[in-house]
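Subject: Structure handover

Dear colleague,

I am passing on the structure below, and my notes on what was found in it follow directly after.

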Amino acid sequence: MERLTYEKMPSQFNRGKYPTKYTSRHTFQEVAARLAAYEDTGLEPEEVMQTKLAIMGKSLAEIKEFEGVSINRMIELAQAEKDGRLVVLPCKPGAPVWEIGDFDGGNLKKRPFSVEDMSFWRFGTTVFLTREEAEAALKKREEAENETD
């Protein structure tokens with residue numbers, strides 16, 4: 001919400017005798033309408049902030065899950081990440097990956113990704129998520145081999 005007022009320091013002529021709040025680029029009618037709407041709530045300034053915080057707290061308490069994941073599970077995952085125990089896999093288990101190996105004359109081999117195989121898979125070096133990435137890496141490897149010959 002745009003403020004209707006700004007605070008001005010008392011001038012040497014004012015010497016604190018008059019209010020330091022002034023309207024800014026708004027008509028008296030706009031300021032009076034806003035003040036009337038506020039007064040219609042029946043709330044004091046302190047109660048406005050308390051009500052705002054209570055509404056925010058209630059909204060947070062009503063959130064049970066986010067995109068199907070419970071808040072408690074998200075807290076567990078955040079703690080695991082903080083502890084260094086969270087591992088994000090490069091793809092889903094069973095998804096096809098492309099491997100560059102010394103089989104078939106160094107050609108590409110497509111095979112399903114297995115979580116158990118993670119310990120020796122080197123994604124981005126010998127194993128790739130797309131054929132295009134694997135082909136580019138294979139080409140780079142072949143160029144490097146040709147330079148050493």
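Helix α2 (helices being DSSP runs of H or I with at least four residues, and strands runs of E with at least two, numbered from the N terminus) covers residues 45–62, and its 18 residues reach 26 Å from first C-alpha to last, close to the expected 26 Å, which is 1.5 Å times one less than the number of residues. None of the residues of α2 is buried (under 20% relative accessible area with a 1.4 Å probe, protein chains only), so α2 lies largely in the open.

This is a predicted model, in which local features need pLDDT of at least 70 and side-chain atom pairs count only at pLDDT 80 or more, while totals for chains, interfaces and linings use all residues. Residues are numbered from 1 along each chain as its sequence is written, and side-chain values use heavy atoms, with hydrogens and water left out.

Helix α1, residues 28–40, has 13 residues and reaches 18 Å from its first C-alpha to its last, close to the 18 Å expected, and Gly42, which follows α1, has a positive phi near 75 degrees.

The largest nonpolar core (buried Ala, Val, Leu, Ile, Met, Phe, Trp, Tyr and Cys residues joined through side-chain atoms within 4.5 Å) consists of five residues, namely Trp98, Ile100, Phe128, Ala134 and Leu138. At least two residues of this core come from each of β5 (96–100) and α4 (131–148).

With regards

Definitions and conventions. Buried < 20%, exposed > 50% of the residue type's maximum accessible area, 1.4 Å probe, protein only.
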